[in-house]
Each structure stands twice: as structure tokens, then as C-alpha cells.
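Got the viewer open and a selection box ready? Here is a short tour, one stop at a time.

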Amino acid sequence: MTWSATARGAHQPDNTAFTQQRLPAWQPLLSASIALPLFFCAGLAFIGLGLGLYYSSNGIKELEYDYTGDLGTGNCSVCAAIGQGRAPPPRCSCAWYFSLPEFFQGPVFLYYELTNFYQNNRRYGVSRDDAQLSGLQSALRHPVNECYPYQYSAAGLPIAPCGAIANSLFNDSFSLWHQRLPGGPYVEVPLDRTGIAWWTDYHVKFRNPPLVNGSLALAFQGTAPPPSWHRPVYELSPDPNNTGFINQDFVVWMRTAALPTFRKLYARIRQGNYSAGLPRGTYRVNITYNYPVRAFGGHKLITFSSVSWMGGKNPFLGIAYLVVGSLCILMGFVMLVVYIRYQDQNDEDEDDE
């Protein structure tokens, strides 16, 4: 049985350079004269960048204080002892005193840090309602099932904002005071609490529901706050542009951390006489101690930190570049030795022939 020319042509690809695989191609053939310079150049580039990142990170100043309140560790232990692993009573306060012998170069950022807190837990991470947080009225009245058991209150009212992330909102607060001269009065250092959240979070992901008769409280009428909150979401701040779902502290907290030890930005010091940094003198940080961490073995810290062109303090990035650059240089020398050795053998073999 033979196929006719017509039958063969019906199933034959078009006679083009693409379908017949006649396109021009280029296949790189890496020789020692090409590969070795690439390894050495890449290694030197990585080492140079790593040194810049490492020394830039080491130049960042940090001042850190653990105010968890373990026994015998400062006056915050009184608040921790009262709570006994549970939430301490509201308005329990303590203070941290420290001195700066020299100017603390700005801009200065104030962070709070938590340890042994797993925001990356799968069940915890999905316990939220993004439609509700975007201000959708129907989601406000009918939270998603992922928010359970923080979906409805004991009275049957929908919780706003619902979910475990919102319920565990960090609610300690801090104020900073400066004493210029020994024995002199303390002057409050202004803390800028605006602009601490990611732009996309604040302007895109989080929205308050439409006002009812110009009132945000009426918009949330018929909802209940999370069980651990002492006030409803529309009273998070007296500033109408910083309350409800668009409260900066709330938005920062809702962006979950990837590791069990994490920092979140609390405020920036960039106003008045402190815009360039913190001058010498004695300082006092007033701490309103509300957030319980002893029940899960965690710790609470506050950190004052400066920044550089690369951001906050992060020596790992510079070390990683240095390690990769050193490995490239080492592999380059190994390949060079191998190349010289076998090149000499090839030359001897050619001479013998």
C-alpha cells in the first residue's frame, strides 16, 4: 500500500524556516578563556557589594530594651506579675530610662519586637476577611468562615474586624521624653505615627465602610469588636483619618510576619528639634503595658534604630554576598589549576606524537 502525494502533503508541515527547523541558532561554547574571567569578575563584584552592605549595616545604630518584665528585670516586672500570663489590667505603666552620651544620628525609627509569636501559622494567617477589610458592607455583616471562632460574638453579632489576627492586635503604647540637663524637666519628643504602613496596604487593601449620616460609628452599628479589644474599631484613634480599618497600627499589624521573631514599625522621630536625630541627654520611655506574652513564652522589646541607604540593620545580606563572592573566586582558582594541569598534559601528548 502506497500513499499518494496528495495524502502526504495534507499532513506535512509548511515549508518554512520555523516549522522545518532551519532557523539560525547560536550555541555558546564556554572555553577556559571565557569562563575563568566570568568567575573572577563575578566574585570580585559580589565581594565589593558585600563589603559595602556589611559595613553599611554595621554603621547603623540600635538601642534595644526588653520590657517583658521577667522577675528582677526592671519595673515592668510589676505589670507582668499582675497579669500572671494573662492580659494585665488596663493602664498598667512602667518606664525605661537610658542615656545617650553622644548624638544618635537620624532619622530614628521606633520599633516594637515580639519573639516566639508565630504569625506564619497557617490557621492564624488565613483567619481574616479581606472583603470586610476593604469596606464591603455585605462582608461587614457576614464574615467568612475562616474567621471562626472570632466570626460572631457571644450575642450573635458579627465581629468587625473578624479573625485571629485582628483579635491579637498589639496594643502596648509608648511615649518618649528627653531631659537635656541633669535635674531639669523632661520634654516630650514628638513621635510621628503617620505613614508607618505600606502604601499599598493603606491606600488599596484597607478601606472603611461608607459613612452613615457622616458617622463611622453608625456604619459599624450592629457589629461587635474582637473579644480581646477594649474598644470598637472606630475608636482606635481620635483622628478620623486614622481610625477604623485604616488605622495605621492596625494596618501594620495585619501584615503578618514570616518568622516567629519580628519587628514592626511603631513611629518615626522626624519632627521639631529631633528631625536630625536624638541629642545627648537622659531619656525616659513611658510604656503602657497591655499585651500579654508570658503565656506563650514570648518577649517584648522596643528598639530605636537609624537607617542607611540599604534600609535597617541586616548584616546577613552582606555576609551572604561575601560568601558567594569568595566561592566564585575559589572556584575560579580551582578551575584555573585544573586547566593549566590538563593543558600541560595535552601539550606533552602532542610533543610525543
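Helices here are DSSP runs of H or I at least four residues long, strands are runs of E at least two long, and both are numbered from the N terminus. Keep in mind that you're looking at a predicted model.

**Stop 1: the two annotated segments.** Select residues 34-55 and 316-340, which an unreviewed UniProt entry lists under "transmembrane region". Over 34-55 the chain is 100% helix and 0% strand, with 32 Å between the end C-alpha atoms. Now switch to 316-340: again 100% helix and 0% strand, and here the end C-alpha atoms sit 36 Å apart.

**Stop 2: the largest pocket.** Next, pick Leu169, Phe170, Asn171, Asp172 and Tyr291. Of the 38 residues lining the largest pocket, these are the closest to its centre. The space in there comes to about 1200 Å³. To see which elements build the wall, colour helix 7 (164-167), helix 10 (248-254) and strand 7 (262-269), since each supplies at least two lining residues. Which of the elements gives the most to this lining? That's helix 10, with 3 residues. If you colour by class, expect 20 nonpolar, 13 polar and 5 charged residues in the lining.

**Stop 3: the second largest pocket.** Select Trp198, Val252, Arg255, Arg263 and Lys264, which lie nearest the centre of this pocket, out of 14 lining residues. Helix 10 and strand 7 are the elements that each put two or more residues into this lining. Strand 7 has the largest share, at 4 residues. The volume is about 340 Å³, and the lining splits into 9 nonpolar, 1 polar and 4 charged residues.

**Stop 4: the nonpolar core.** Now show the side chains of Phe174, Leu176, Phe250 and Trp253. In the largest nonpolar core, which has 62 residues, these four touch the most other members. Add strand 4 (residues 108-114) to the view, as the largest share of this core, 6 residues, comes from there.

**Stop 5: zoom in on Leu176.** What does Leu176 touch, once you skip residues up to four places away in sequence? The list takes in Phe98, Val187, Glu188, Val189, Leu191 and Ile269, and also Leu278, Tyr283, Arg284, Val285 and Phe304. Glu188 and Arg284 are among those contacts, and they count as charged, so try colouring the neighbours by class before you leave this last stop.

Technical notes:
Residues numbered from 1 in each chain as written. Predicted model: local features only at pLDDT ≥ 70, side-chain atom pairs only at ≥ 80, totals over all residues. Heavy atoms only, no water. 1 Å grid on protein atoms, 1.4 Å probe; cavity = no way out; pocket = protein on both sides within 12 Å on 5 of 7 lines; lining within 4 Å. Points joined across faces, edges and corners; volume = space filled by probe spheres on them. Core = buried A, V, L, I, M, F, W, Y, C linked by side-chain atoms within 4.5 Å. Buried < 20%, exposed > 50% of the residue type's maximum accessible area, 1.4 Å probe, protein only. Contact = heavy atoms within 4.5 Å. UniProt positions renumbered as here; feature names shortened; annotations may be inferred.
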